[in-house]
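Please open the structure in your viewer and keep the selection panel at hand. This tour goes through the empty spaces in the model, one selection at a time.

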Amino acid sequence: MWACVNTHHDVDTSESPIVFISSYPNQESGLVEICLMHPLDVVKTRFQVQRSVTDPQSYRTVRGSFQMIFRTEGLFGFYKGIIPPILAETPKRAVKFSTFELYKKFLGYMSLSPGLTFLIAGLGSGLTEAVVVNPFEVVKVGLQVNRNLFKEQPSTFAYARQIIKKEGLGFQGLNKGLTATLGRHGIFNMVYFGFYHNVKNIIPSSKDPTLEFLRKFGIGFVSGTMGSVFNIPFDVAKSRIQGPQPVPGEIKYRSCFKTMEMIYREEGILALYKGLVPKVMRLGPGGGVMLLVYEYTYAWLQENW
């Protein structure tokens, strides 16, 4: 299927203005997406860190989770941990899209099929992005799983200082869970960019602006959904490593693959897919919007730079 893609058109090795995709339109869309979808991210994280549904305070459904958080923590409970992703948004988007284009340009000089080029470039961009966002993720997860009232929990910067003072900057502190974050972002971007760029060249474009918009959004939506399904075991492992440990003072979840194995052995295969529904509800539409902004910003830069 991928062999049918026009190599010359889609793996362009010329200088690309998309390296500067961190410009205002993409950043703005990302901030809007965070503000609208963050409650789903909180619910997803709560699902992923819980080990048993027998606890009366456990989360069983997305709707029930929203009701419980609102009843026990108030409206602001849905926005716990929102500052780290807002702070990370500009560097994250800049790295995601600029490195994808740079890796794609580099791979264009090799004898690779376009389909493989998109997959490898996506994987590379995800791995690079993960290194940038992981410290922000550690702080975000810690704040999201805190069930105290919003006003009772520490501020973002106070919590970050607390982690650094107690655990340091390394792999047990502000960078714990890095391997799981690498897996999560690497697989997501590989599927996301690989599927989108290959499928959009197979499904015919439309001259009708509305139909063309829906075509691109639909492919982006499916790309985001598929990326979420493939990477969620890494996401669950990441939440377990970066979140609270079952026994305070004892570190049970240390490494990515050991954590996956432990979850599978103790809780079953479906436990590795905890939080999938809220994750897809967020990253399906978010994937469509993000790639629409990418496409239209790219086109604008190509015309004006």
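How do the residues of the lining of the largest cavity divide into nonpolar, polar and charged? In this predicted model, that lining holds 12 nonpolar, 6 polar and 14 charged residues.

To find the place, select Lys92, Arg184, His185, Arg282 and Leu283, which, of the 32 residues that line the largest cavity, are the closest to its centre. The space enclosed there comes to about 480 Å³, and the count of cavities of 30 Å³ or more is 1.

Next, colour the helices α2 (24-49), α4 (83-107), α5, α7 (178-199), α8 and α10 (276-304), since each of these supplies at least two residues of the lining of the largest cavity.

Now turn to the largest pocket, where about 630 Å³ of space lies. Select Glu167, Lys176, Gly243, Pro244 and Gln245, which are the closest to the centre of this pocket among the 26 residues that line it.

With those residues shown, add α5 (114-144), α6 (156-167) and α8 (209-242), the elements that give two or more residues to the lining of the largest pocket. If you wish to look at one of them alone, choose α6, from which the largest share of that lining comes, namely 5 residues.

Finally, colour the pocket lining by residue class: 12 of its residues are nonpolar, 9 are polar and 5 are charged. As you go back to the largest cavity, recall that its own lining has 14 charged residues beside 12 nonpolar and 6 polar.

Technical notes
Residues are numbered from 1 along each chain as its sequence is written. This is a predicted model: local features need pLDDT of at least 70, side-chain atom pairs count only at pLDDT 80 or more; totals for chains, interfaces and linings use all residues. Side-chain values use heavy atoms; hydrogens and water are left out. On a 1 Å grid over the protein atoms alone, a cavity is a set of points where a 1.4 Å probe fits but cannot get out, and a pocket is an open set with protein on both sides within 12 Å along at least five of seven lines; lining residues have an atom within 4 Å of a point. Grid points are joined across faces, edges and corners, and a volume is the space filled by probe spheres set on the points. Helices (H or I, at least four residues) and strands (E, at least two) are DSSP runs, numbered from the N terminus. Ala, Val, Leu, Ile, Met, Phe, Trp, Tyr, Cys and Pro count as nonpolar, Asp, Glu, Lys and Arg as charged, and the others, Gly among them, as polar.
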